[in-house]
Amino acid sequence: MTEKFYLKRIFQRYYEENYSKIPMVSFFNKREYGFIPWEEQVMERHLSFENSKNLIDFFKIKAPRHAYSSGSLYSQPEIPDMEGKGYQGCDLLIDIDVDHFYTPCKEEHDIWHCKECDKRGKGMPEKCPKCGNLKLERLSWICEDCLNVAKNEMIKLIYDFLIPDFAINPEDIKIAFSGHRGYHLKIENEKIRSLSSEERREITDYVTGQNISFEILGLREHSNIVYGFFKDNIGWAEKIMNFIVELLKKPNSEINKVLIDNRKFGFKSPTIKSLLNYKDDFLEMLSNNERNMWSIEGFSPNTWKKFLRSIVKEIGVEIDIPVTIDIHRLIRYPGSLHGKTGFKVQEIFLDEFNDFNPLNESKEKLDPIVFLGKKETHKIQIIEHDVPETRIKGKKYGPYKKGDIIEVPHHIAVFLLCREVAKLS
Amino acid sequence: MSNDFDLIRQYPWLPSLKIYRSDLASINPIEFIKDIITDPSKEVLRDRIYEFFKSAFDNLEYFSYYKIDDLNIYFYLSLRMLLIILNNKSISYRVANLYSKITYNELATENDSNLYSICKDLKLDIKYEQEPIIFRKIAIKDQLETLQTKFKIHFSDYLKLSSRLKDDFRKLINNALKDGYVYLRPKNLSRLIQEYVRMKILKFEGDIENINKLKEDLLKVQEFKDLYDSIIADWELKKERFEYSFETAFKKGEDISKNFPPCMNEILVKTEIGQNLQHTERLIIVFFLLALKYPKDFIINIFSKQPDYNENKTTYQVEFAKKKGYVPHACSTIKSLNLCMAQKHNDKLCLDGYFSKKNNKQKKISHPLFYVQFKQYHSAKLKNKDKIQEKND
């Protein structure tokens, strides 16, 4: 039995036993549906279903590897030509995927291999450190830490941007664990549905901090002196000011750690020392909100701009921009299974989100690990050169080497088979 | 506060025109034109329309004959009707620009109450505070500038009106957004309404067959035909001045890639060394090269070093893009996709822009195609200079 055939069968079993738990998306028959089967890596899209029973039957029979529905509503979603579908608007989709940004844990669990010189290593270098080859084979993995980073980005997006700035009604926000490396957020609101791609780009710029102009926000330079923002300015200037105040209120050791980090501020020690020396005076000036002459020894206008650019990066949210600006994008169907992990695409209410832990979730109704095998184990053989440690449900499995024959619980076997790093033994 | 009909007379593009002048909303276009042509009291209108087109063709930002009188509604409707039957994008852009600029000048002098009524008529989600809200303070030394307003507009309406305006001042991120509303001073709000008016004038409804039939019928009215012909004749005389005379399209045996912006060169270098391109990078380069009329085979060949190259698939995709005639990505899109390479390559034209003699100010390049056009234009100018120099020598 091939691994794909085996996985299809257990996906089928899942859909047969759990069909009642699969939610129906809003405007069900106005959405386009798409699927990737186990047999070939081709997206079958432009499908529509009259009712949820038809979709469930499809899931039970086909048990697709990946299942999607559109963020858009169409009068005729089944028409293959996008112009003929009768576009009626699109929910605002935001995707946060750890694959798109750096997390320290990737130094531990992401593996790369250079085909040119056969060098192997961990982390996410842009090119091979030995031969400079840009084309590296990569095996990216997940852990609680990186999924937490993605969750925190989502929390930042909701509570620092969507609710206070855009006044999005929390009831219009739908969040889902993607079943692999991150989270999706969908805003279902009539006004927002009518936004064009170009208008959505303005929203992505706003939440990521791209194309910000410090000059327009009020930063001025005169005789090599910088005149900064006032804390009661509305919008991004206020966010920046709050960030500076919060940062400077921290102990010196913590400030130093953040400012010296090359992935964040990348400041040299003398610059940091100077900022720390002036910290109290600077904080006082920022709080009294009357003066705005930002004068710290060693801080040129360029240093201030570098400081502000780094702050914008810290405040902004790491989202997958093309997902938001694409009005014909399909996103994973809630309640379906992710073919690269065997985990469920889990919808989460906003008030449950803070405590949600996809790899070790205590509430059964929110648990994406649907193949949890408490007693059932499987023997599988590792086929990838190196497989990083996997920590699911608080238990650690691996790391493994090619050729290892391992006996692991059902959900771990499904996960490793879905990741295509193991075969049935 | 003016009464509502005064507002409609002054701003006939307001949606409630249909309510206040339901007689005009239901009138047959031919009858409407005949009425303008035959009514002696409207004779001045024909001159006003013709002069307006002339001013638009001259790219003027003002119109000396503009008058807010009883004819203003007829003036606006006639302009729109003429634009529909002229069916010429270049003319429409010029007319829409001039008309919307005049509108802006009118709006800029409006009181808050009228401005609020106009926004409500446009069904904008707008709020008016009793006390002004200070949304930004800017200070150098002791000089404090305080930006305040009583107006705030829902961000979705703000985006609908502003996202086509490319300057950084209109970008949402550089504006004061709180609780779903963008704080806007009256002049900035007027600028957004100007854009609404411009877009409304450019919006054509109805299919080409109906337009042709309408044109045929309207041109049977001799005086109207005379007006139409005068406008066309004037346009023919002026248009040469507007259109770029230099060629930007690909020509066999000629390498125009030296005039490509750094974003495109970066993608081409990646293809050259066989580096896997992102999906968006592939689209960007294909749409760009197709717009420059590069041969299909040339474009397909560019992808031949891609690790996942499949000739049939690539051919299909390039042909599909060509058939669809997709518009190449603008600089703002390329920037938001993090594919702008202006900083990386320190490209002066991208970073600093160019000096526009027409506008008498520095302008930014907003589209890769314009980058190519600009460079082509300059190299042609340099060549020309050299030739003159040679002749003189």
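Helices (H or I, at least four residues) and strands (E, at least two) are taken here as DSSP runs, numbered from the N terminus. On that count, chain B comes to 19 helices and six strands.

This is a predicted model, where local features need pLDDT of at least 70, side-chain atom pairs count only at pLDDT 80 or more, and totals for chains, interfaces and linings use all residues. Residues are numbered from 1 along each chain as its sequence is written, while chains are lettered from A and ligands numbered from 1 in the order in which they are written.

Staying with chain B, its C-alpha trace spans about 70 × 60 × 55 Å along the principal axes. It is split into domain 1 (4-108 + 200-240), domain 2 (112-193) and domain 3 (257-382), with bounds from an automatic or database domain assignment. Taken over C-alpha atoms, the centres of domain 2 and domain 3 of chain B are 35 Å apart.

Now over to chain A and its strand E10 (residues 173-177). Five of its five residues are buried, meaning that 20 or more other C-beta atoms, placed from the backbone, lie within 10 Å of a residue's own (12 or fewer is exposed, in between is partly exposed). A:Ile173, A:Ile175 and A:Phe177 point one way, and A:Lys174 and A:Ala176 the other.

E10(A) has these partners, where pairing takes at least two DSSP bridges between two strands:

| Partner of E10(A) | Pairing | Opposite residues |
|---|---|---|
| E11(A), residues 182-187 | antiparallel, five bridges | A:Ile173 and A:Ile187 |
| E16(A), residues 346-348 | antiparallel, three bridges | A:Ile175 and A:Ile348 |

E10(A) and E11(A) form a hairpin with four residues between them, and A:Gly179 in the turn has a positive phi of about 95°.
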